[in-house]
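Student: Could you take a close look at one part of this model with me? I would like to understand the largest pocket and what surrounds it.

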Amino acid sequence: MASEAVKVVAKITAQHDKIKELKSILLDLVGPTRTEKGCVSYQLLQNKTNESEFVFIEEWTSDVAIDEHMTTSHVQYALSRARSLLAEAPDISRCLIIG
């Protein structure tokens, strides 16, 4: 593992009547993102007790790789489609792996 590897935890919450639509948009990100340069791991989770809550658990080789990911056409397209479906702003944290 590279010393500058970064984990991302991104919590995204759908409006209660928009869960299915947001889930579809988020699932569309998985395939293209996993093929990006710098992507080590990219998983989408859905909360079992609160179906409106989704969490991406990601690992990237660097902050630069994450920054490049955010500018890709598939991410920009998903962001434009998802904005009106969100209950709140996404909570995105970049974390260093320390153990």
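**The largest pocket and its surroundings**

Tutor: Happily! The largest pocket has 20 lining residues, and those nearest its centre are Ile12, Met70, Val75, Leu79 and Ile92. Here a pocket is, on a 1 Å grid over the protein atoms alone, an open set of points where a 1.4 Å probe fits, with protein on both sides within 12 Å along at least five of seven lines; lining residues have an atom within 4 Å of a point. Two or more lining residues come from each of S1, H1, S3, H2, H3 and S4, and H3 gives the most, with four. Helices (H or I, at least four residues) and strands (E, at least two) are DSSP runs, numbered from the N terminus.

The model is predicted, so local features need pLDDT of at least 70 and side-chain atom pairs count only at pLDDT 80 or more, while totals for chains, interfaces and linings use all residues. Residues are numbered from 1 along each chain as its sequence is written, and side-chain values use heavy atoms, leaving out hydrogens and water.

The space in the largest pocket is about 370 Å³, a volume being the space filled by probe spheres set on grid points joined across faces, edges and corners. Its lining divides into 16 nonpolar residues, one polar and three charged. In this count Ala, Val, Leu, Ile, Met, Phe, Trp, Tyr, Cys and Pro are nonpolar, Asp, Glu, Lys and Arg are charged, and the others, Gly among them, are polar.

Now to H2, one of the elements that contribute to the lining. In this helix, residues 63-70, the buried residues are Ala65, Ile66 and His69. They lie on the same side of H2 because they cover an arc of only 100° around the axis, taken from the directions from the helix axis to the C-beta atoms. An α-helix has 3.6 residues a turn, so residues three or four places apart point the same way. The cover over the buried residues of H2 includes S1 (6-13), H1 (19-34), S2 (39-46), S3 (53-60), H3 (73-82) and S4 (91-96), with contact meaning heavy atoms within 4.5 Å.

S3, which also contributes to the lining, holds Glu59. Glu59 counts as buried because its relative accessibility is 11%; buried means under 20% relative accessible area, exposed over 50% and partly exposed in between (1.4 Å probe, protein chains only). From S2, Ser41 touches Ile57, Glu58 and Glu59, not counting residues up to four places away in sequence.
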